[in-house]
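Please look through the sequence and the model below before reading on. The text then goes from strand pairing to the pocket and the ligand.

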Amino acid sequence: MTKKINHIGIAVTNLDAAIPFYRDHLGMAFEGTEEVADQKVRVAFLQVGESRIELLEPTAEDSPVAKFLAKNGEGIHHIAYEVDDIEKALAGMKEQGVRLIDETPRRGAHNSLIAFLHPKATGGVLTEICQAGEH
Ligand code: CMX
């Protein structure tokens, strides 16, 4: 079912200030920035092999990432696992009693489909399931 880690999300207060560490010091390929209005975040993707680091900056005070930053400060926010068929993956987990935040997928960055599982159901790790869109 799970193909790979698509990305690791890291919450930051300022995207432009955070990018140089990953791009210039760690030498990751910077893929650009994008606003994901549905999630109230601006994101930057940096490639690491077949995975990515997704830096997340909140765009509104009621963004889930703003709430996370206020409580924890900057740091790892979520892990995203890629699947071929997100509808099927969610239906299977729902049947198994996993606590879902999103029962139906939402639109994520790069036109992907995404859904979150509740951190209380996943040992404290906010977990995203995603189906790749067009790049
Ligand atoms: N990782 C681990 N635990 C987290 C968490 C995170 N990223 N975010 C919240 N939590 C924990 C909180 O610490 C809190 O735990 P306690 O009850 O022990 O204090 C609990 O979850 C509830 O958190 P809260 O601060 O009260 O916030 P809410 O319940 O309002 O929302 C959550 C929590 C996870 C449902 C919400 O943040 C959410 O829907 N997240 C998914 C969407 C998202 O994060 N989008 C941004 C990124 C999008 C992208 O990648 O494009």
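In which sense do strand β2 and strand β3 pair, and over how many bridges? The model, which is predicted, shows β2 (residues 29-36) and β3 (residues 41-48) pairing in the antiparallel sense, over seven bridges. One position in this pairing can be picked out by residue: glutamate 34 has valine 43 of β3 as its bridge partner. The hairpin formed by β2 and β3 has four residues between the strands, and lysine 40 takes a positive phi there, near 55°.

From β3 the pairing can be followed to the next strand. β3 and strand β4 (residues 51-58) run antiparallel and are joined by eight bridges. Here valine 48 stands opposite serine 51 of β4. The hairpin of β3 and β4 has two residues between the strands. In that hairpin glycine 49 has a positive phi, near 60°. As a general point on strands, side chains in a regular strand alternate between the two faces of the sheet.

The next topic is empty space. Rolling a probe the size of a water molecule over the atoms shows where such space is left. The largest pocket holds about 840 Å³ of space. Its lining comprises 39 residues, of which Pro64, His77, His78, Phe116 and Leu126 are the closest to the centre of the pocket. Both β3 and β4, already met in the hairpins, supply at least two residues each to this lining. So much is also true of β1 (2-11), α2 (64-72), β5 (75-83), β7 (113-117) and β8 (127-131). Which element gives the most to the lining of the largest pocket? That is α2, with six residues. By residue class, the lining divides into 19 nonpolar, 13 polar and seven charged residues.

The ligand can be described through the residues around it. There are 18 of these, and Gln39, Lys67, Lys71, His77 and Lys120 come nearest. Two of the contacts listed here involve ligand oxygen atoms and side chains. A polar side-chain atom of lysine 71 lies 2.5 Å from an oxygen atom of the ligand. For glutamate 54, an N or O atom in the side chain is 3.1 Å from a ligand oxygen. Histidine 77 takes part through its backbone: an N or O atom there lies 2.9 Å from a nitrogen atom of the ligand. Taken alone, the ligand exposes 970 Å², and the protein buries 71% of that area. Histidine 77 thus appears twice in this account, as His77 among the residues closest to the pocket centre and among those nearest the ligand.

Technical notes: Residues numbered from 1 in each chain as written. Predicted model: local features only at pLDDT ≥ 70, side-chain atom pairs only at ≥ 80, totals over all residues. Heavy atoms only, no water. Pairing = 2+ DSSP bridges. 1 Å grid on protein atoms, 1.4 Å probe; cavity = no way out; pocket = protein on both sides within 12 Å on 5 of 7 lines; lining within 4 Å. Points joined across faces, edges and corners; volume = space filled by probe spheres on them. Nonpolar A, V, L, I, M, F, W, Y, C, P; charged D, E, K, R; others polar. Near = heavy atom within 4 Å. Polar contact = N/O pair within 3.5 Å; in protein donor to acceptor, adjacent residues only side chain to side chain. Areas by Shrake-Rupley, 256 points an atom, 1.4 Å probe, with all protein chains shown as cover.
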